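User: I'd like a close look at one part of this model, the metal site and what's built around it. Could you start with how far to trust the prediction?

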Amino acid sequence: MHGVQRLRFRLPPRIGAAALVCGAAVVAAVGCAAPDIDGAAEIARASQAMGAANLKTLRYTADGTGYTFGQAFVPGMPWPKITVHAMTRSLNYDTASMRDEITLSRAEPRGGGGYPLQGEQRNDQFVSGALAWNQAAAGAAAGPRFVADRVHQLWITPHGVLKAAQRNKAAAQTRSEGGATVTALKFGEPGRFEATVIVGADGLVQRVESRVPDAVLGEVDVVTRYSGYRDAGGVRFPGRIEQSVAGHPVLELAVREVQPNAAVDIAVPDAVRSAAERVTTDKLADGVWYVGGGSHHSVAIEMRDHLVLVEAPLNDGRTAPVIAAVKALAPGKPIRYVINSHSHFDHSGGLRAAVAEGATVVTQAANVAYFERAFATPARIAPDRLAQSGRRAAFLAVNDKASLSDGARTIDIHRITGSVHNDSFLMVHLPNEKILIEADAYTPQPPNAQPPAVPNANNVNLIDNIERLKLQVERIAPLHGRVVPLAELYSTARRSPAR
Ligand SMILES: [Zn+2]
């Protein structure tokens, strides 16, 4: 099969000329493309070499290093490092489902990610068809925001990507890379991702370059490298998996064990199948509402002739219904400002929807250039609200402090300094209402829980900032959890309020 491909490559003079150009390009190590060859034949050749044809399920275990995409300490910095103590990935290609069981811990204190500052965390993550969920002790929690990434991950696995290439009738080209001839299979999974699969002369999948929709960046480039192939019961599987997203590494795994055609039965829990986005609005004070109902909350504030939305989290799927609910609280008033607590993607993924709505983004100054570039990136693969609106983002940059006022109500926006969670971090204070709005610096424990023996560094840092700025606070409206009196922050951090 490979010989046939070479023959085709050498025969026509036009291709010969391309090969010559390729020869020059090899020096620059950039590779180059020759005209199309038979895509179906190339997929068949790779499937044969990889043992993909009769592979319906696969399970592998691995360990190594991970990095938390979207949770950088400073926007543009590498993603924060984590240790992947163990990861078991179970794949069922026939039912388009995947389960990841991961035990991890932080490898550096700075940055976000929802992982404890100390100790290990166990995550159990699923996707099946167009549904994603996480399994926790309390039950299955639907995670619609994880669908795009998990569907993508499932179909760029070494064998999954060949099945996806076949399903989507990939076009094939030969390329010269580093002195070797490789095949590039190019395809799009409609509405999900685009991919180029680099297959070596031996028929093994070396690399997948893909592009995926992203709630903050519009679309993002992912490079996944597979190397150190070994045989596992007639199936070839890499011993090493490396992945980068938006130019920074997210995964460096050593594969320990591979089980082809293992029993992988993944059933969608009823609670996940019937889950719908829920938005609740609870009045905190005149013209101030706590907008909850999901994992990431917002606060709506009514001004004389407009509304201010504090936080546009997750994605269009969350922020669009939040915007609709907030506008219904004060009919006729537009949302003129959206205040962003910080650049972590789970807290900024709805900003594009808010920009589409015409809101000016209020964010810490260090985030502006990053968001500007991100929001100018068109979402082509899965056009979002911003793409459909054709709007451009407007920003109001906050250094250490900014205020929004209509003459009656004041909204003070302060920078949280000295945090390990994020460097360009804002909190919102309503001085008249004595309400503090913050994200991730403090998430209240369940009612009546014992304070942790070692106070959480983020909680302590928030107290330091409240005291440094001498803020008058009676209640905290956290963007995770529930509204609590200030005293609860102090008792959780085992501190006494300053007199
Ligand atoms: Zn965060």
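What pLDDT does the chain average, and what share of the residues reaches at least 70? Then on to the metal: which residues coordinate the zinc ion?

Analyst: Confidence first. This is a predicted model, in which local features need pLDDT of at least 70 and side-chain atom pairs count only at pLDDT 80 or more, while totals for chains, interfaces and linings use all residues. Residues are numbered from 1 along each chain as its sequence is written, and side-chain values use heavy atoms, with hydrogens and water left out.

The chain averages a pLDDT of 93 (the predictor's confidence in each residue, from 0 to 100), and 93% of the residues score at least 70. Residues 1-30 are the stretch to be wary of: pLDDT is below 50 there, although the model gives this stretch 28 contacts (heavy atoms within 4.5 Å) beyond near neighbours in sequence.

Now the metal. Four residues hold the zinc ion: His342 through NE2, His344 through ND1, His421 through NE2 and Asp440 through OD, at 2.1 to 2.2 Å. Donors here are N, O and S atoms within 2.8 Å of the metal (3.2 Å for Na, K and Ca); water is not among the atoms, so sites may look incomplete. The angles among the four donor atoms run from 86 to 175°, and the site is irregular. For the record, four donors are tetrahedral if all angles lie between 85 and 135 degrees; four are square planar and six octahedral if opposite donors are over 155 degrees apart and all others between 65 and 115; anything else is irregular.

Along the chain, the donors follow the spacing H-x1-H-x76-H-x18-D. His344 sits in the loop between β21 (335-339) and α8 (345-348), and His421 in the loop between β25 and β26, so this pair ties together parts that are 77 residues apart in sequence. Helices (H or I, at least four residues) and strands (E, at least two) are DSSP runs, numbered from the N terminus. Both His344 and His421 are buried, on a scale where buried is under 20% relative accessible area, exposed is over 50% and partly exposed is in between (1.4 Å probe, protein chains only).

Let's follow the His421 side. β25 and β26 belong to an open, mixed sheet of six strands in the order β24-β25-β26-β27-β28-β29. Its edges are β24 (401-405) and β29 (484-485), each with a single partner strand, so one side of each has no neighbour in the sheet. Strands pair if DSSP finds at least two bridges between them; β26 (residues 425-430) and β27 (residues 435-438) run antiparallel and share three bridges. One bridge puts Leu430 with Ile435 in β27. Packed on this sheet is helix α12 (residues 457-468), which touches β25 (410-416), β26 and β27 and makes about 125° with the direction of β25. Those axes are lines fitted to C-alpha atoms, for helices over the stretch in contact, with angles from 0 to 180 degrees between N-to-C directions.

On the His344 side, β21 is part of an open sheet of seven strands, ordered β17-β18-β19-β20-β21-β22-β23 with mixed pairing. Here β17 (280-285) and β23 (395-398) are the edges; each has a single partner strand, so one side of each lacks a neighbour in the sheet. From one strand to the next, the twist averages 20°. At the β17 end, five bridges join β17 to β18 (residues 288-292) in the antiparallel sense, and Asp282 has Tyr290 as its bridge partner in β18. Towards the other edge, helix α10 (residues 368-375) lies across β22 (360-364) and β23, at about 160° to β23.

Two loop residues near these elements in the chain are worth a look. Ala330 is in the loop between α7 (316-329) and β21, and at 4% relative accessibility it is buried. Ala330 touches Glu302 and Leu307, leaving out residues up to four places away in sequence, while its C-alpha is 9.7 Å from that of Ile301, 29 residues away along the chain. Glu311 lies in the loop between β20 (307-310) and α7; its relative accessible area of 0% makes it buried too. Its phi is near 80°, a positive value in a residue other than glycine. Most residues other than glycine have a negative phi.
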